[in-house]
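Here are a few short exercises to try with the structure open in front of you. Have a go at each task before you read the solution.

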Amino acid sequence: MKIVTELAPGVNDDVTAVFTFKLPNGIAARLPNLRLAASVGAGADGILSASDLPASVHVTRACDDGLGLSMAQYVVLQVLRVFRDLPTLERQHASGEWIRLPIRDATKCTVGIMGVGQTGSVVARTVASLGFRVVGWTRTARDESDFKIYSGRETLPEFLGQCDFLVCLLPLTDSTRGLLNRSMFATVRKGCYVINAARGGIVVEDDLLAAIDNEELSGAAVDVFDQEPLPQSSPFWRHPKILVTPHSAAQPAVEPVVDQFIENMRRLSTGEPLMHVLNRDLGY
Ligand code: NDP
């Protein structure tokens, strides 16, 4: 196998597979023999957004058991920071104040997980194991033993209306782009705290800011943005009720993901079905 890390100018007719986070528009004409576009990340929206990608190209994504655990650590960090009021404890520590904070009952606090897939399922089980009430929201209906799953757009108001924390772990697709907007925030339980660790395009940033400023939401932890790195001019950086993290909630381990890519190259050559292929119609 010949491996290149940069495409040559013009047409690269010897390239049959790419392993990347993002494919720019217009790339297809330069890669006429492309058969596999493998995402180095769990989401392949950066590949599917290349509008001229031929339907014949297989698109795969990174799957890794450790990814769900890292994501669960990130979500638990954000939920407990707010639920146990870590900012107040840190302020009290800085000023040498011994003031005991009330301890809230986690069973009366509902964490809603939008997207119960590779990462969301581990997040849901982990958060439930800490005593929180968990509800999930998916595209297709199914039963889970530890928490209730709502599915389909029509169940969204009922799902959102009970969330004290709303965790977004959806893929960015035509159906989810801009889903969390002004009208959705109006149906969320008042004072809900939003955690977006999925993709920036799912949450309308101006609507999130407005919902926090008019106190429909109590705040947000945001790991992903329309534009990354988040520009210094973004009001998210200076907002007292928002915590920005730099798209670092979770990351697939290199070794299993490279192994999957190499195995898929082998399968491509023998005609066997590939692993972790995306449904191009659904976008995930
Ligand atoms: P999966 O594809 O494994 O799971 C997606 C989930 O979303 C599924 O439960 C699916 O429902 C649900 N879903 C998809 N479309 C819809 C819809 N239209 N309506 C309702 N539910 C829908 O995703 P991952 O868990 O691997 O990743 C989740 C997100 O997290 C992605 O956006 C990914 O890019 C991002 N990510 C971010 C990281 C970071 O560091 N910030 C790291 C890793 C991932 P169903 O079960 O019915 O199919």
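**Exercise 1.** Find which residues are closest to the ligand.

*Solution.* Start with the shell: 29 residues surround the ligand, and the closest are Arg-61, Thr-119, Thr-140, Leu-170 and Tyr-284 (a residue is near if one of its heavy atoms lies within 4 Å). Before going on, note that this is a predicted model, where local features need pLDDT of at least 70, side-chain atom pairs count only at pLDDT 80 or more, and totals for chains, interfaces and linings use all residues. Residues are numbered from 1 along each chain as its sequence is written, and side-chain values use heavy atoms, with hydrogens and water left out.

**Exercise 2.** Work out which polar atoms lie beside oxygen atoms of the ligand.

*Solution.* Look for polar contacts, meaning pairs of N or O atoms within 3.5 Å.
- Step 1: the side chain of Arg-61 puts an N or O atom 2.7 Å from a ligand oxygen.
- Step 2: a polar backbone atom of Leu-170 sits 2.6 Å from a ligand oxygen.
- Step 3: Ala-250 has a backbone N or O atom 2.8 Å from an oxygen of the ligand.

**Exercise 3.** Say which residues form the salt bridge between domain 1 and domain 2.

*Solution.* First, get the bounds, which come from an automatic or database domain assignment: domain 1 is 12-64 + 252-270 and domain 2 is 66-244. Next, count: there's one salt bridge between them (a side-chain nitrogen of Lys or Arg within 4 Å of a carboxyl oxygen of Asp or Glu). Asp-45 pairs with Arg-199, with the closest N and O atoms 3.0 Å apart.

Key
A polar contact is a pair of N or O atoms within 3.5 Å; within protein, one must be able to donate a hydrogen and the other to accept it, and residues adjacent in sequence count only if both atoms are side-chain atoms.
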